[in-house]
Each structure stands twice: as structure tokens, then as C-alpha cells.
Amino acid sequence: MEDKQVLSVSQLNKYIKFLFDNEPLLRNVYVKGEISNYTYNTSSRHMYFTLKDKESAIKVVAFRDCTSHLAFEPSNGLNIICVGNVSVFEKAGQYQIIATHLEPEGVGSLALEFERLKKKLASEGLFSLDIKKKIPKIPTSIGVITSPTGAAVRDIINVTARRHPLAHIYLKPVLVQGDKASEQVAAAIEYFNTTKPVDVLIVGRGGGSTEDLWAFNSERIAYAIYNSKIPVISAVGHEVDFTISDFVADIRAATPSVAAEVATPDKLQLIQKFKNLKVRLTSLIEKELAFKKQQLATLKASEMLKSPKRYIDDKKQIVDYDIERLKSAFKDILTIKKQLLAVQKTTLKAINPTAVLTRGYSIITDNKGKVVSKVEQMKKDDDVKVKLSNGTADCKVNAINKNKGA
């Protein structure tokens, strides 16, 4: 034992971890199994569980950078496919899979990504009906963003020429599938908004597989449509196909041909509508003319036009009559006011406190000017003032005699 190198437990685990981390076969492995012992740390957003089959099991940890992009809710008993790297947790001395991607077994990764992005954009309000813009009823210019060689552009041109030939079509050719497609489509939407303004935009392509249509499931296109000031019609694939662009757009059309129908009015219907309007307008004008003719005839037959002086004399008589009525009403009001004034004058005279003095009564006040109404308010030798009808007298109290029983 003396010539042997003795390792600590941590040194051994560190070395085993080094071997695991540097083994290419243990990188980016795909493992399927059933979830058990599932736990989720709400603060760190890390997931811990065991992945098992009928004969074996392995620990799995999914850190935040993995869990934040999940399009499903893991739970015990769920069969999944785990993608990750096999490593060693040194402190426990156990090997485990550090997950980089999780998906339910049997569900494609594209479908999971679609649901994840759909949920994310919906939470941000990109699908809200309140922000949808109205498509103009009679557009004069239509921007088309699609492949210049596909059937979609031919369908849009043919339908527009048949329904509304006065509209100008401006094609912005782009790739509609592949890695660069989403970037080109988004840039084309921005181009029409900043450089070539039109009344409405049609964005889309013909049918294809999920992979063919996948470019229209990108965040880049979703935000470009959301930020567009021009109304956008999304027409991707066939009626059964749905993409993220369809949810963000102001209107979703089942096909490019339907998009052209949505964007344009039918010229035959417009012609018929204008004919109906012409009939209604003609009828209204004729009715108005007939009414004005009747008014003119009435005015011609009126006394005012036949004898304007008599009309003016009649109005003068009315004015004179109204003036006399006003004068009479004013006289009546004045008479009533005089009578009321006389009554009020008599009443005031009757209640005047000094009026009683003329009948031999007097008012006595003490040296402070306070009225004396009872003998208790005075005492012998007090100075008092007696007010009479025509003046006052200063007096002194010689004696006080109170009435019996008072």
C-alpha cells in the first residue's frame, strides 16, 4: 500500500467526472424513458427526476436554460425523450444526465416548438383581437410578399385582375422556405412599411409539408407583422395549415387565392352597387326638386309677394298692438306696486316703537343705555334717562314702589 497513490473520494469523483465530460459518446445522447421522483425548484426553475424503463434508471437534472423553453409540463409517469450530456455529480458520487432538451415521446420537436412560441406570443398580446387592423374596402395598391416563381403569386395576380383590375400589385420576391426565408419575409414587411407604402399586404405561399411552411412560424416574422402599420393578410399553405403568421396577421386567409379575394372587392358587385346608388341619388334629387318647386309655387302665391306694402303694414299693426299691450301691462304692474308700498308703509308706521310715545308713554334707560322694563333693574338714587315723544329728560330715582302681586 505504501507505493500506491491513495486518492481522496473527491479526487476520484473529479477524475471520473473528467472522463465522462470528455467522452464524445456521452455528449448529446438521446434517451427515452418514464419520469419518476419528479421535483421542481420554483426559485431556481431547475427540474430533478429519474428516467427509468423496466430494467434500469438514471438521474436527470434540467437547469433553467432548458426548463424555460419547455412546451409541455413534465410529470411522474410521462414517457419522454431526453437529450443531454452524461456527467457526474461529484458530491454524491453519482452519474446523471444534464438535459438540454425534453419532449414527450411521440410528439415531434417542431410541434413542441410551435406550441411554445404560440404560447409565448399570445402572452405578449400579439394575437389580441383588439389590435387587428381593418382591410380597406377598395385598395388601390396591394403588396405581395412571396416567391416570384410559385403558384401563390400567379393565383393572387389572376384573382386580383378578375375582381379589381384597378389595383396595382407590387411584388417583393422572397424565399418562402429554408434558413433565410423568415429573415427575408420580415425584411419585406418592413420594406413596405418604410419605403413602399401600400394599402394592404398579402404574406404567404402555397401548400407544403410542416417543414416547408416552418419559416412562417418564426418570431422574426411574427414581430414584423405585429409592428406593421399596413394591414396584413396571412395566406400560408392550404385551409388545414396554420402558422404563427396566421395568428398575428389582421386576417388569416385559407389560401393565397382567398387572400386576394379578401383584399379586393368584386368589380361586378361594385358596378351593381354604383348603379343602385345612382338610382337612389336620382330619386332623391327628383324628390328634392319637386319639393323646392312646390315651395316656389307657394311663395309666388303668397300675399307678401303680391302686395309687399300690405304685408309690411300688417306687421306694423302687430307691432303697435304689442306696444299698447306692454304699456297697459306696465301701468297695471305699477298700480299694484304702489298699493303694496302703501300697505307696507302703514304697517311700518303701526309697528314703530316711537309711535306709542305720542300717546303719553315713555322709554326709560339706565346709564348704560339699556332699556329698563322692571323695577328690579333700578335702585334708589340711580341716574336714568326718560325718552318722550319730543325729547329726553335726565332723572334720579327717589323711591321704588313695586306693585303688589307683581
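This passage describes the overall form, strand pairing, salt bridges and surface of one protein chain.

The structure is a predicted model, in which local features require pLDDT of at least 70 and side-chain atom pairs count only at pLDDT 80 or more, whereas totals for chains, interfaces and linings use all residues. Residues are numbered from 1 along each chain as its sequence is written, and side-chain values use heavy atoms, with hydrogens and water left out.

The protein chain contains twelve helices and 13 strands, assigned as DSSP runs (helices: H or I, at least four residues; strands: E, at least two) and numbered from the N terminus. Its radius of gyration is 52 Å, well over the 22 Å that the globule rule gives for 406 residues, so the chain is more spread out than a compact globule. For this comparison the radius is taken over C-alpha atoms, and the rule is 2.2 Å times the number of residues to the power 0.38. Along the principal axes, the C-alpha atoms fill a box of roughly 150 × 100 × 40 Å. The accessible surface of the protein chain amounts to about 27,700 Å², with 57% of this belonging to carbon and sulfur atoms; areas were obtained by the Shrake-Rupley method with a 1.4 Å probe, and for residues only the protein chains shown count as cover. Of the 406 residues, 29% count as buried, where buried means under 20% relative accessible area, exposed over 50%, and partly exposed in between (1.4 Å probe, protein chains only). Among contacts (heavy atoms within 4.5 Å) with a separation of 6 or more, 59% come from residues 24 or more positions apart.

Strand pairing, which requires that DSSP find at least two bridges between two strands, is illustrated by S11, S12 and S13. Strand S11 (residues 363-365) pairs with strand S12 (residues 383-388) in the antiparallel sense over three bridges, and Ile 363 stands opposite Lys 387 in S12. S12 in turn pairs with strand S13 (residues 391-396), also in the antiparallel sense, over six bridges. In this second pairing, Val 386 stands opposite Ala 393 in S13. S12 and S13 form a hairpin with two residues between them.

Ile 80 is located in strand S4 (residues 79-89) and is buried, with a relative accessible area of 0%. Leaving aside neighbours within four places in sequence, Ile 80 is in contact with residues including Val 31, Ile 35, Phe 49, Leu 51, Phe 72 and Leu 102. Charged residues also occur among the contacts of Ile 80, including Lys 32, Glu 103 and Glu 105. The C-alpha atoms of Ile 80 and Val 262, which are 182 residues apart along the chain, are separated by 43 Å.

A search of the whole structure finds 13 salt bridges, each defined by a side-chain nitrogen of Lys or Arg within 4 Å of a carboxyl oxygen of Asp or Glu. One of these joins Asp 250 to Lys 133, with the closest N and O atoms 3.5 Å apart. Asp 250 lies in the loop between helix H8 (244-248) and strand S10 (251-252), and Lys 133 in the loop between helix H3 (109-123) and strand S6 (141-146), so the pair ties together parts that are 117 residues apart in sequence. Asp 250 counts as buried at 11% relative accessibility, whereas Lys 133 is partly exposed at 24%.

A further salt bridge links Arg 220 and Glu 183, with 3.3 Å between the closest N and O atoms. Because Arg 220 lies in helix H7 (residues 219-227) and Glu 183 in helix H5 (residues 181-194), the pair ties together parts that are 37 residues apart in sequence. Arg 220 is partly exposed at 29% relative accessibility, and Glu 183 is partly exposed at 43%.

Within helix H10 (residues 267-300), Glu 288 and Lys 292 are four residues apart and are therefore separated by about one helical turn. Their side chains meet in a salt bridge (3.8 Å, N to O). Glu 288 has a relative accessible area of 42% and Lys 292 one of 43%. Lys 120, Glu 124 and Glu 219 are linked in a network of salt bridges.

On the surface, Leu 299, Met 304, Leu 305, Tyr 311 and Ile 312 make a nonpolar patch of about 450 Å². The elements giving two or more residues to the nonpolar patch are helix H11 (303-306) and helix H12 (308-350). Patches are made of residues with over 30% relative accessible area and no salt bridge; like charges are joined within 9 Å, and nonpolar side chains (Val, Leu, Ile, Met, Phe, Trp, Tyr) within 5 Å. Tyr 311 is placed in helix H12 and counts as partly exposed, at 35% relative accessibility.
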